[in-house]
Amino acid sequence: MDEETLKGATAELATPTLQEVSGINASLTEEGKVPSGLLLGFGSNDPEIRKRVVVKIRKTLQKLPSSRFVQAVVDTGLVPDLVSLLDSDDTELQGEAACIVANIASGTTQQTEKVIDAGAIPKLARLAASPNEDVSDNALARLAASPNEDVSDNAVWALANIAGDSAILRDRVEDEGGINALVTILNHEDLGPTNTQRSAVWAISCYLQPWPSRRLPVTRVKQLLPCLVRYILKTPVDEANMESLEYAVQSLERIYDHGLERSDVVKTEMFPRLAQLLADSSSSVPLQKQALKCFGYLVSGNEDDTDVAVNAGLLPALSVALAAGNQQVCEFACWTASNITAGNQRQVQAFLDSGLLEPVIRILMDAQNSTKTRREACWVLSNLTKKIFSHKEGQSLIERRCPDGLAAALLIPDRQSKERAALGISNILKRTGSQGLEGDSSPLAILRSASCPQNLRAVRDSRELQDIKLKKDCHDILTRYFPEYSRRGRV
């Protein structure tokens, strides 16, 4: 309903009393519209009636499905008036208006643009970073009895919804001061994590969401690094802070997507803290996953980057992650470990000394684990076999059941796992040479006991597998080391 229509309706109908407004359901009519009594009440000169209407509109917007209710409010034409309430001297009314704007901004891009066009972003930015204790910190808010969060928190939620909508609206939040307001909130250190600060971390994560072909300039994301690092370093791991820590570490990982150099994060000395979060038994699975992603990006760089990760305590933390039993955490942990075993001899030795090899082999040999997790575990072993430079090193891998794991990997229903397993087996046999090829502890005997020849032949003779090179590699291993299995079976 546009302003002219609303005025016409007001002229024809009497403004409802406070009691009448209180009796109106906070919902839509059968026609899917906001009740006319609320529209009339919004035009009242009585501030209490007007406030009660705003509360009803806020409650209406919090019903599901939200898009239907958002559109009904947009259709009233009241969005500019609701946005203007963000400037009200009444902090309770500000809080209600901020909550309404946040809910509208959670709708479609077109609906979100309505609050932006009404000038919401600068107003929200001011409220988000307001120095007023009633506004800026939920911990100090005098609105404890209010059904909505404090004004600042609602303003931050609104900014988050706008920033996470699209790259275009994200940039408008930046241009109109919204991101600076979020940084200001996180830079308040005196009270520790508050609800508003936790929401600000989530808002920054929304802002950093990568959009195809619309990366943020590095200069923009760099300004966020100090406040995120400070939050991660100083925020305790507990139930109240868990979700915000997840978003903070996710933000750190998303910064990489916008082109920030590894060295910029290394300088913050953040990685020992990430290792602590990964190894902390009270950390949630999403937090462990985000920490692993950050380490994964680091160890996929150069040898110096991998040294930073190892020196930060990554290897003991990986042991905790692998023992947790979560498939996705184990997958990320094995992927991270595979980058370490692809490193230099010092890094490979650090991996072997950490005791990680045995749990990786157990993961690889357990068919109950996911194919993705077992594939990453296979990469760990395959990379290790490339680093065998002496018979002694090869014998060490053999004694620790590396061949058993690779033999089992040949039966994983995944071409890449079979390929890496065949390569690893070939590397072990080539690098151990002719020494020690007899006896129960020889690599040939161990591989035979692990059904390796039969598994190689199964890959070679598979009708489902179309990889000719892989089949040839398996045949070559059979011909050279297990000739008694090299003849094709009769079909």
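Against which helices do the buried residues of H19 pack? In the predicted model examined here, the buried residues of H19 pack against helix H16 (225-234), helix H17 (242-257), H18, helix H20 (285-299), helix H21 (303-311) and helix H22 (314-324). The residues of H19 that are buried include Phe271, Arg273 and Leu274, together with Ala275, Leu277 and Leu278. Several of these residues return below as contacts of Ile232, Phe295 and Leu318.

The secondary structure of the protein consists of 32 helices, with zero strands. The radius of gyration is 31 Å, whereas a compact globule of 491 residues would have a value near 23 Å, and the C-alpha trace spans about 100 × 55 × 35 Å along its principal axes. Of the 491 residues, 53% are buried. Among contacts with a separation of 6 or more, 70% are accounted for by residues 24 or more positions apart. The accessible surface comes to about 21,900 Å², and carbon and sulfur atoms hold 48% of that area. With regard to charge, there are 55 positive and 63 negative side chains, and the centres of these two sets lie 11 Å apart.

In soluble globular proteins, nonpolar side chains tend to be buried together. In the present model, the largest nonpolar core contains 152 residues, of which Val115, Leu318 and Phe351 touch the most other members. Helix H11 (residues 151-163) gives the most to this core, contributing eight residues. When residues up to four places away in sequence are not counted, Leu318 touches Leu278 and Leu292, as well as Ala333, Thr336, Ala337, Ile340 and Leu356. Leu278, one of these partners, is itself among the buried residues of H19.

Two further residues, Ile232 and Phe295, extend the description of the surroundings of H19. Ile232 lies in helix H16 and, at 0% relative accessibility, counts as buried. Leaving aside neighbours within four places in sequence, Ile232 is in contact with Leu245, Ala248, Val249 and Leu252, and also with Met270, Arg273 and Leu277; Arg273 and Leu277 are both buried residues of H19. Ile232 and Ile340, which are 108 residues apart in sequence, are 25 Å apart in space from C-alpha to C-alpha, while Ile340 is one of the residues touched by Leu318. Phe295 is found in helix H20 and is likewise buried, its relative accessible area being 0%. Not counting residues up to four places away in sequence, Phe295 touches Phe271, Leu274 and Ala275, in addition to Ala309, Ala312, Leu314 and Thr336. Phe271, Leu274 and Ala275 belong to the buried set of H19, and Thr336 is also among the residues touched by Leu318. Between the C-alpha atoms of Phe295 and Arg170, which are 125 residues apart along the chain, the separation is 27 Å.

Buried positions were also examined elsewhere in the chain. Val53, located in helix H4 (residues 47-61), is buried because its relative accessible area of 0% falls under the 20% cut-off. Outside the residues up to four places away in sequence, Val53 touches Val21, Leu38, Gly41 and Phe42. The C-alpha atoms of Val53 and Glu20 are separated by 11 Å, with their positions 33 residues apart along the chain. Leu410, by contrast, lies in a loop, between helix H28 (402-409) and helix H29 (415-432), yet also counts as buried at 0% relative accessibility. Apart from neighbours within four places in sequence, Leu410 is in contact with Lys418, Ala421, Ala422 and Ile425, and with Cys452, Asn455, Leu456 and Val459. For Leu410 and Val459, which are 49 residues apart along the chain, the C-alpha separation is 7.1 Å.

Backbone geometry was considered at two loop positions. Most residues other than glycine have a negative phi. Glu269, although not a glycine, has a positive phi of about 55 degrees; this residue is placed in the loop between helix H18 (262-266) and helix H19 (271-279), and is exposed, with a relative accessible area of 62%. Ser451, also a residue other than glycine, has a positive phi near 65 degrees and is placed in the loop between helix H30 (443-449) and helix H31 (452-460). With a relative accessible area of 31%, Ser451 is partly exposed.

Terms used. Residues numbered from 1 in each chain as written. Predicted model: local features only at pLDDT ≥ 70, side-chain atom pairs only at ≥ 80, totals over all residues. Heavy atoms only, no water. Helix = DSSP H or I, 4+ residues; strand = E, 2+ residues; numbered from the N terminus. Rg over C-alpha atoms; globule rule 2.2 N^0.38 Å. Buried < 20%, exposed > 50% of the residue type's maximum accessible area, 1.4 Å probe, protein only. Contact = heavy atoms within 4.5 Å. Areas by Shrake-Rupley, 256 points an atom, 1.4 Å probe, with all protein chains shown as cover. Lys, Arg positive; Asp, Glu negative; His and termini not counted. Charge placed at Lys NZ, Arg CZ, Asp CG, Glu CD. Core = buried A, V, L, I, M, F, W, Y, C linked by side-chain atoms within 4.5 Å.
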